[in-house]
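Q: Got a minute to go through this model with me? I'd like to start with the ligand and then wander a bit.

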Amino acid sequence: MKYRCALLFGAPGVGKGTQGKILGNIPNFFHCACGDVFRNLRADSPLGRVFIDYSGRGQLVPDEPTIELWRQFIENQTKTGRFHPEQDTLVLDGIPRNVKQAEILKDTLDVVAVFYMKSADEDKLVARIQRRAIKENRLDDANLSIIRDRLHVYEKDTKPVLKFYGRHLVHQINADQPPAKVLVDILRRVVKK
Ligand code: ADP
């Protein structure tokens, strides 16, 4: 059985987490942010160390351990009754993060929509990321050159994922609006599905 899912897609800092958290509170939606799954690892576990190494440099964690961790997380959430694959739509945030991951997950995900959250102002993204650094205790958010590296990785490796899923699934959302308006734009399309 494939998981029915909607992808929150867009550059770091564009507001995927904000929207994902809200959507995840609606019955029959389950939000999963891949970065949060990593951040919940113990820092002294083998994969925790790998995560700190790569994310601290603004790079993506290698694909195989990432997908493996994600699968384990979803299976656990299912076993513990938090996620109900038969009735819930998975709201994925931060995964798949490149075309290779999308290929690996081809038989696992039934992607019904991709919400491409787009901001016209990169400086605004950088400012948002820096603001949340202290609030969310994220070292990779504090350093300007690491933020620039992440934006570069996004352009180079993540953006091609849009083409992988194709135009018929992609909904462009103006992420420069206030969060409530962004939410309305997403929900309008979600309920249609
Ligand atoms: P942001 O979207 O602001 O970059 P995330 O919380 O989504 O933040 O990700 C933080 C870091 O976690 C990434 O820079 C990367 O190192 C790692 N990461 C998260 N998701 C993935 C993924 N699907 N594949 C590889 N690395 C990932």
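Here is the chat about the ligand site and a few residues.

A: Sure, but it's a predicted model: local features need pLDDT of at least 70, side-chain atom pairs count only at pLDDT 80 or more, and totals for chains, interfaces and linings use all residues. Residues are numbered from 1 along each chain as its sequence is written, and side-chain values use heavy atoms, with hydrogens and water left out.

Q: OK, how many residues surround the ligand?
A: 20 residues do, the closest being Arg39, Gln59, Gly94, Gln101 and Arg132. A residue is in if one of its heavy atoms lies within 4 Å of the ligand.

Q: What's the mix by class?
A: There are 7 nonpolar, 6 polar and 7 charged residues in that shell. Ala, Val, Leu, Ile, Met, Phe, Trp, Tyr, Cys and Pro count as nonpolar, Asp, Glu, Lys and Arg as charged, and the others, Gly among them, as polar.

Q: Which side-chain N or O atom sits 2.5 Å from a ligand oxygen?
A: One in Arg132. Also, a polar backbone atom of Gln59 is 2.6 Å from a ligand oxygen, and one of Val61 is 3.0 Å from a ligand nitrogen.

Q: And how much of the ligand does the protein bury?
A: 96% of the 550 Å² that the ligand exposes when taken alone. Those areas come from the Shrake-Rupley method with a 1.4 Å probe; for residues, only the protein chains shown count as cover.

Q: Which element gives the most to the shell?
A: Helix 2, with 4 residues. Helices here are DSSP runs (H or I, at least four residues), numbered from the N terminus.

Q: Switching to helix 3: which residues are buried there?
A: Leu47, Gly48, Phe51 and Ser55. They sit on the same side of helix 3, because they cover an arc of only 105 degrees around the axis, taken from the directions from the helix axis to the C-beta atoms. Buried means under 20% relative accessible area, exposed over 50%, partly exposed in between (1.4 Å probe, protein chains only).

Q: What's on the face turned away from that?
A: The exposed residues Pro46 and Arg49.

Q: And why does Ile52 count as partly exposed?
A: Because its relative accessibility is 47%. Ile52 is in helix 3 too.

Q: Last one: where is Asp185, and what does it contact?
A: Asp185 is in helix 9 (residues 179-192). Leaving aside neighbours within four places in sequence, Asp185 contacts Ile173 and Gln177, where contact means heavy atoms within 4.5 Å.

Note on methods. Polar contact = N/O pair within 3.5 Å; in protein donor to acceptor, adjacent residues only side chain to side chain. Helix = DSSP H or I, 4+ residues; strand = E, 2+ residues; numbered from the N terminus.
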